[in-house]
Amino acid sequence: MSRPICAQSLLPPGPSCPPCRTRRGASLLYVIASIVLLATLAAAIAVFSGASAVSQATHAPSLAAYYLALAGLNHAAAMPTADLAALEGGPGLTCVLGDGDFTLTVLGRDAQGDIGVMATGTVDSGDARRSACSLPGTIDGGISPISFANDLEEFGLPVTSGDTADGIIAVDLDNRVAVFGNNTQFSYGCLWYRGSRDWCDSGKCQFGAGLRAYFRFAFAAVPAGARAGDGFTFALVNAADNDATRSGGREGMGELLGYAGPGNTADGQGLAPPKFAVEFDTYANQGTGTPDAANSRADGTDGDHAALVFWGMDRDAGKCATTGKGYVCSQDDNRHSRPGTEDVGMVDSGDMPRNSANTMAAGDYVRQKNRQDWLRSAPHAVRIEVDRETVADAMGQYRYRIRVWIDCDACDDVTTAYGAATATLSRTVSLSGEMHDKFERVLFGWTEATGEAVQRVAVSDFKLLFLE
């Protein structure tokens, strides 16, 4: 019995046989090879055995073709998911067994991420005759990327301030993009994934060992005479204390970016921690007072910046105080520290983890000197990777390693780790067991806000893969 030989093939599928559904399992290649040999022997015997044997011999190659197709499905089930998915759109994979072969083609993924395949078994029956049989099947695709290409419909129902007719956040299904801001003033909102699949329930997804994500964004030019701002975030928030109906934000405070602040929530906590985000901030606030006051963020003076943000004071009462005035703690959630002026996350023991300071020294805040419109000037590609430890360290803490690449090249393949360039932003934080447990499931999506300034941001080509 010969060992199967696999090669790319242009062999078209044969006629259909009864459908078969299979899941991942062991290959039956050697068993099928035996059946092919027996079928060939049956055909040879028929030459000497009369009319009834001829009928049996005619049936034998057809049966062998069926079992070859079945072998193809079992071979698909035993292949690594990445190798199987790589066959999509190509000529297929052919495996030769004795006088027969099967060709495996990949049809694509369904809404649950499973992979549709077609296996065609073919047997040479002699006298230039061939018997063929095709079997469709569905292979467990494991955890597959969530994408705008396949899943944008699951990002509906944005949570926004203002009138729904304002279109503060919109989903363009025809062009497969999400649009934020719509040049409206004094508005905020969030767009969350709300889908369900094996590892997500109404948008609450298992964080597992982390994630990889990719998207592109572009700011449109603002109307003549208007200022541009305030920016947006890509955020992950714990699904224990949040759901897809909650948002951050506060009208009149675009600097909160829809991520910090009380938002639309009755408890005034907005997006409750633990949480973190990558912010793309296009309005340089100067840090002029308490977090309740407009322009309170200490963003620096060099225009656009990107940063990693977490949350500020963590008080059970939900109220914080500075210089005798009380304010909602969530207003601290994306404040940058400025020594001597705003020490958020630097001296108060309730701040955990520390928010990024407005300096590039720590690697979690970045701007481009002499390019005030860096983020607004052209389309940008963004790659995000999070490695989430599932085993506590000696201190009982769980590490989260976060890396972000902005303007990266060839970084859209989320099925493999990216290491072609140094990360633009990076930070490793350690969370307590209690906080880590709240991150067992997460919501992900985008938040945005405007004040007097306006913006229109298009996000496209999104992909996200959770790691097992």
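**Entry 1: the disulfides**

I began with Cys200, which counts as buried because its relative accessibility is 3%, under the 20% cut-off. Its partner Cys205 is likewise buried, with a relative accessible area of 0%. I note at the outset that the model is predicted. The sulfur atoms of Cys200 and Cys205 lie 2.1 Å apart and form a disulfide. The torsion about this S-S bond is about 110°, so I recorded the disulfide as right-handed.

I then asked how many disulfides the structure holds. There are two. The other joins Cys408 and Cys411, with 2.0 Å between the sulfur atoms. This link is also right-handed, with 65° about the S-S bond. Both Cys408 and Cys411 are buried. As a reminder to myself, a disulfide is a covalent bond between the sulfur atoms of two cysteines.

I also looked up Cys190, and found this residue buried at a relative accessible area of 1%.

**Entry 2: strand β21 and its neighbours**

I next examined strand β21, residues 398-406. Is this strand enclosed or open? Seven of its nine residues are buried, so the strand is largely enclosed by the rest of the structure.

I traced the pairing on both partners. Strand β20, residues 380-388, pairs with β21 in the antiparallel sense over seven bridges. Within this pairing, Val382 stands opposite Ile406 of β21. Strand β22, residues 425-431, also pairs with β21 in the antiparallel sense, again over seven bridges. Here I found Val404 bridged to Leu425 of β22, and Arg401 opposite Thr428 of β22.

I then compared the two faces of β22. The covered face carries Leu425, Arg427, Val429 and Leu431. The uncovered face carries Ser426, Thr428 and Ser430. Thus Leu425, the partner of Val404, belongs to the covered face, whereas Thr428, opposite Arg401, belongs to the uncovered one.

**Entry 3: the nonpolar cores**

I looked up the largest nonpolar core and found 53 residues in it. Which residues have the most contacts inside this core? They are Phe215 and Phe444. Apart from this core lies another, of 25 residues, which includes Leu87, Leu104, Val123 and Cys133. In soluble globular proteins, nonpolar side chains tend to be buried together.

I followed the contacts of Phe215, leaving aside residues up to four places away in sequence. Among those touched are the aromatic residues Phe232, Phe234, Phe280, Trp446 and Phe462. Phe215 also touches His380, Ala381, Val382 and Ile384, and strand β20 spans residues 380-388. Further contacts include Val459, Ser460 and Asp461.

**Entry 4: aromatic pairs and a charge over a ring**

I counted 29 aromatic pairs in the structure. One of them, Phe232 with Phe280, is stacked, at 4.8 Å centre to centre and 25° between the planes. The pair links distant parts of the chain, for Phe232 lies in strand β14 (residues 231-238) and Phe280 in strand β15 (residues 275-281), 48 residues apart. Phe232 is buried, with a relative accessible area of 0%, and Phe280 counts as buried at 0% relative accessibility.

I turned to Phe234 and Trp446, whose ring centres are 5.3 Å apart. Their planes stand at 65°, so this pair is edge-to-face. Phe234 lies in strand β14 and Trp446 in strand β23 (residues 441-450), so the pair ties together parts that are 212 residues apart in sequence. Both residues are buried.

I also noted Lys275, which lies over the face of Tyr259 at 4.2 Å from the ring centre.

**Entry 5: backbone details**

I checked the peptide bonds and found that the one from Gly229 to Asp230 is cis, with omega near 5°. Asp230 is placed in the loop between β13 (210-219) and β14. The bond from Pro273 to Pro274 is cis as well, with omega near 5°. Pro274 belongs to the loop between β14 and β15.

Finally, I looked at positive phi values in residues other than glycine. Arg176 has phi near 60° and sits in the loop between β8 (169-172) and β9 (177-180). At 21% relative accessibility, Arg176 counts as partly exposed. Asp461 has phi near 55° and lies in strand β24, residues 457-467. This residue counts as partly exposed at 40% relative accessibility, and I had already met Asp461 as a contact of Phe215.

Conventions: Residues numbered from 1 in each chain as written. Predicted model: local features only at pLDDT ≥ 70, side-chain atom pairs only at ≥ 80, totals over all residues. Heavy atoms only, no water. Buried < 20%, exposed > 50% of the residue type's maximum accessible area, 1.4 Å probe, protein only. Helix = DSSP H or I, 4+ residues; strand = E, 2+ residues; numbered from the N terminus. Pairing = 2+ DSSP bridges. Core = buried A, V, L, I, M, F, W, Y, C linked by side-chain atoms within 4.5 Å. Contact = heavy atoms within 4.5 Å. Phe/Tyr/Trp six-rings, centres within 6.5 Å; stacked < 30°, edge-to-face > 60°. Lys NZ or Arg CZ within 6 Å of the ring centre and 35° of its normal. Disulfide = S-S within 2.5 Å.
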